[in-house]
Amino acid sequence: VEYAEMIGDVAGRGSPQALVAQSMTILLKVRLKREKAMGPDLVPPPLDSEDRLDLDTAHGLLVEAENQRPGWFLIQQSFAEIDGLNGDTESAISHLQRALQQGAVAPETRKQLVGLLQQSGRLDEARKLIDELGEDGGFAAQRIAAEIDAPRVKDGIEYLPGKSFWRAPYMCSFRAGNFDFIAIATHARWGDSIEGRRAELQ
């Protein structure tokens, strides 16, 4: 709230910057409220009447900002967030695509779009975006790519991916108490036979 007020003081209360900042403050409020209400299954509760009113207010602020500053990708990203909270995946996809066309460069925007495209079954579009992301896609994008490339072709007694399943290992480290851990996710094949691979694994 203070951040939005500061922007309003500098840019003017009715400026597109101030309107977007106010909208983002409202969206943050809705997100935090839903996160606090999540149960052990980590499924957010349905939107209540207050949430819907807040989202309508945020949407109105963004429309006003867009009228003043069309072509600003941050407005499209905020529209997409509202769509996501409302469960409108297709509209969220359209707004994120528009944000990219308008100059959004953060990998997070493309990664968010990849996830939505996968949910909608638009796998070819998701795969193309993953290729564009390259290493910026991270483990989540690699996992989605593996699922997209999942169809198998029988080769002897094995069912191998129809497309290449090889990709760089992903490694992260973390500390819990007095212990240091390293987690590695990788796809590997050893040896020229099942026996050879079994020996390597053992």
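Here are four short exercises on the structure above, which is a predicted model.

**Exercise 1: Reading a helix**

Work out which residues of helix H7 are buried, and where they sit around the helix.

*Solution.*
Step 1. Start with the stretch itself: H7 runs over residues 123-133. Its buried residues are Ala126, Arg127, Leu129, Ile130 and Leu133.

Step 2. Now look down the axis of H7: these buried residues fall within an arc of 165°, so they line one face of the helix.

Step 3. Here's the general idea behind that: an α-helix has 3.6 residues a turn, so residues three or four places apart point the same way.

Step 4. Turn to the other side of H7, and you'll find Asp124, Lys128 and Asp131 exposed.

Step 5. What do the buried residues of H7 pack against? Their partners are helix H6 (107-119) and helix H8 (138-148).

Step 6. Finally, check what comes just after H7: glycine 134 has a positive phi of about 60°.

**Exercise 2: Finding the cores**

Find the largest nonpolar core and say which helices supply it.

*Solution.*
Step 1. This core has 19 residues. Leu113, Val114, Leu117 and Ile130 have the most contacts inside it.

Step 2. Helix H5 (89-101), H6, H7 and H8 each supply at least two residues of the core. H5 gives the most, with five residues.

Step 3. Zoom in on leucine 117. Skip its neighbours within four places in sequence, and leucine 117 is in contact with Ile93, Arg122, Glu125, Ala126 and Leu129.

Step 4. Don't stop there, though: a second, separate core has 16 residues, including Val20, Leu61, Trp72 and Ile75.

**Exercise 3: Following the charges**

Pick out the salt bridges of lysine 33, then see what the bridge between glutamate 90 and arginine 122 ties together.

*Solution.*
Step 1. Keep the general rule in mind: side chains of opposite charge can pair when their charged atoms come close. How many salt bridges does the structure hold? The count is ten.

Step 2. Lysine 33 pairs with aspartate 48, and their closest N and O atoms are 2.6 Å apart. Place the two on the chain: lysine 33 is in helix H2 (residues 16-36), while aspartate 48 is in the loop between H2 and helix H3 (49-68), 15 residues apart.

Step 3. Lysine 33 also meets glutamate 50 in a salt bridge, at 3.3 Å from N to O. That pair links helix H2 with helix H3, across 17 residues.

Step 4. Are these side chains out in the open? For "partly exposed", you need a relative accessible area between 20% and 50%. Lysine 33 has 29%, so it is partly exposed. Aspartate 48, at 30%, is partly exposed, and so is glutamate 50, at 41%.

Step 5. Next comes the bridge between glutamate 90 and arginine 122, at 2.7 Å from N to O. Glutamate 90 lies in helix H5 and arginine 122 in the loop between H6 and H7, so the pair ties together parts that are 32 residues apart in sequence.

Step 6. Put the shared partners together: salt bridges join Lys29, Lys33, Asp48, Glu50, Asp51 and Asp54 into one network.

**Exercise 4: A patch on the surface**

Name the residues of the nonpolar surface patch that includes Phe174, and describe Phe174 itself.

*Solution.*
Step 1. The patch is formed by Phe174, Phe179 and Phe181. Together they have about 330 Å² of accessible area.

Step 2. Phenylalanine 174 lies in strand S3 (residues 170-176).

Step 3. Its relative accessible area is 45%, so phenylalanine 174 is partly exposed.

Terms used:
Residues are numbered from 1 along each chain as its sequence is written. This is a predicted model: local features need pLDDT of at least 70, side-chain atom pairs count only at pLDDT 80 or more; totals for chains, interfaces and linings use all residues. Side-chain values use heavy atoms; hydrogens and water are left out. Buried means under 20% relative accessible area, exposed over 50%, partly exposed in between (1.4 Å probe, protein chains only). Helices (H or I, at least four residues) and strands (E, at least two) are DSSP runs, numbered from the N terminus. The arc is that of the directions from the helix axis to the C-beta atoms. Contact means heavy atoms within 4.5 Å. Patches are made of residues with over 30% relative accessible area and no salt bridge: like charges are joined within 9 Å, nonpolar side chains (Val, Leu, Ile, Met, Phe, Trp, Tyr) within 5 Å. Accessible areas come from the Shrake-Rupley method with a 1.4 Å probe; for residues, only the protein chains shown count as cover. A salt bridge is a side-chain nitrogen of Lys or Arg within 4 Å of a carboxyl oxygen of Asp or Glu. A nonpolar core is a set of buried Ala, Val, Leu, Ile, Met, Phe, Trp, Tyr and Cys residues joined through side-chain atoms within 4.5 Å.
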